[in-house]
Amino acid sequence: MKKTLLVLLLCLTGITTYAQNTTTPENFETEADYKAAEPNFIKAVNWYQQTPINEKIDDHKLVAAYMMKWITGVPYITLEINSTFALFSDDYPEFLIVFMGGYASYCIQNNYSTDKIAATYAGALQVIGYYNKNKSITGKISSIEKLIKKQEKGKLKEYVENSF
């Protein structure tokens, strides 16, 4: 009994520590729940973007699950992801999470914008930033390298527009 209590206490301490450093899991049932969770969602997106892919792996999984739960259930934001921007998820699904987080964050921070081109562009920029921080870990990912080349030539926005 004492061992079970100790294990439970250690688990709860770990959850509390995680919650203080990243975000807490929430139950979303109504639109108001999603709106109330927006600050935590933005924090989760920023944490995920800033934390190297090979660090805090368990936290990465928890934050990714939280982000996916929010993104897939939010009733007032619709993500439209075409195949052009899903390609980089084949090797590293983390990049799709980053893209979706950037897309949804853009919508929230721009008065619930429904501009899929601007949101896709924001998501692509998030992916490029995350890739640049993690390239030494992931190695070269040609689909993201293509986005970087477009960005360097000032043609990323046009590329996004033409992808729809």
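# Exercises on a helical protein model

Glu145 is buried, with a relative accessible area of 12%. The model is predicted. Keep both points in mind for the exercises.

## Exercise 1: the overall fold

Task: State how many helices and strands the protein has, and what share of its residues is buried.

Solution.
- Step 1. Count the elements. The protein has 7 helices and 0 strands.
- Step 2. Read along the sequence. The pattern is α-α-α-α-α-α-α.
- Step 3. Turn to burial. Of the 164 residues, 41% are buried.

## Exercise 2: the salt bridges

Task: Find how many salt bridges the structure holds, and work out which parts the bridge of Lys116 ties together.

Solution.
- Step 1. Count. The structure holds 2 salt bridges.
- Step 2. Take Lys116. Its partner is Glu80, and the closest N and O atoms are 3.2 Å apart. The cut-off for a salt bridge is 4 Å, so this pair qualifies.
- Step 3. Place both residues. Lys116 lies in helix H5 (residues 116-138), while Glu80 sits in the loop between helix H3 (57-73) and helix H4 (94-109), so the bridge ties together parts 36 residues apart in sequence.
- Step 4. Check exposure. Lys116 is partly exposed at 30% relative accessible area. Glu80 is partly exposed too, at 37%.

## Exercise 3: the bridge of Glu145

Task: Name the residue that meets Glu145 in a salt bridge, and decide whether that residue is buried or partly exposed.

Solution.
- Step 1. Find the partner. The side chain of Lys135 meets that of Glu145, at 2.8 Å from N to O.
- Step 2. Place the pair. Lys135 belongs to helix H5 and Glu145 to helix H6, so the bridge ties together parts that are 10 residues apart in sequence.
- Step 3. Check Lys135. Its relative accessible area is 34%, which makes Lys135 partly exposed.
- Step 4. Check Glu145. Buried means under 20%. Glu145 has 12%, so Glu145 is buried.

## Exercise 4: a charged patch

Task: List the residues of the positive surface patch, then place Lys149.

Solution.
- Step 1. List the members. They are Lys140, Lys149, Lys153 and Lys155.
- Step 2. Place Lys149. It is in helix H6 (residues 142-152).
- Step 3. Check exposure. Lys149 has a relative accessible area of 49% and is partly exposed. A patch residue needs over 30%, so Lys149 passes that cut-off.

## Exercise 5: Ser163 and Phe95

Task: Decide whether Ser163 and Phe95 are buried or exposed.

Solution.
- Step 1. Place Ser163. It lies in the segment after helix H7 (156-162).
- Step 2. Read its area. At 18%, Ser163 is buried.
- Step 3. Look at its contact. The Ser163 side chain reaches the backbone oxygen of Val160 at 2.6 Å.
- Step 4. Go to Phe95, in helix H4. Its relative accessible area is 0%, so Phe95 is buried.
- Step 5. Compare sequence and space. Phe95 and Gln49 are 46 residues apart in sequence, and their C-alpha atoms are 9.6 Å apart.

## Exercise 6: positive phi

Task: For Lys56 and Tyr112, give phi and say where each residue lies.

Solution.
- Step 1. Take Lys56. Its phi is near 50°, a positive value in a residue other than glycine.
- Step 2. Place Lys56. It is in the loop between helix H2 (31-50) and H3.
- Step 3. Check exposure. Lys56 is partly exposed, at 49%.
- Step 4. Take Tyr112. Its phi is positive, about 60°, although Tyr112 is not a glycine.
- Step 5. Place Tyr112. It lies in the loop between H4 and H5, and is partly exposed at 29%.

How values were computed: Residues are numbered from 1 along each chain as its sequence is written. This is a predicted model: local features need pLDDT of at least 70, side-chain atom pairs count only at pLDDT 80 or more; totals for chains, interfaces and linings use all residues. Side-chain values use heavy atoms; hydrogens and water are left out. Patches are made of residues with over 30% relative accessible area and no salt bridge: like charges are joined within 9 Å, nonpolar side chains (Val, Leu, Ile, Met, Phe, Trp, Tyr) within 5 Å. Accessible areas come from the Shrake-Rupley method with a 1.4 Å probe; for residues, only the protein chains shown count as cover. Lys and Arg count as positive and Asp and Glu as negative; His and the chain ends are not counted. The place of a charge is taken as NZ of Lys, CZ of Arg, CG of Asp or CD of Glu. Helices (H or I, at least four residues) and strands (E, at least two) are DSSP runs, numbered from the N terminus. Buried means under 20% relative accessible area, exposed over 50%, partly exposed in between (1.4 Å probe, protein chains only). A polar contact is a pair of N or O atoms within 3.5 Å; within protein, one must be able to donate a hydrogen and the other to accept it, and residues adjacent in sequence count only if both atoms are side-chain atoms.
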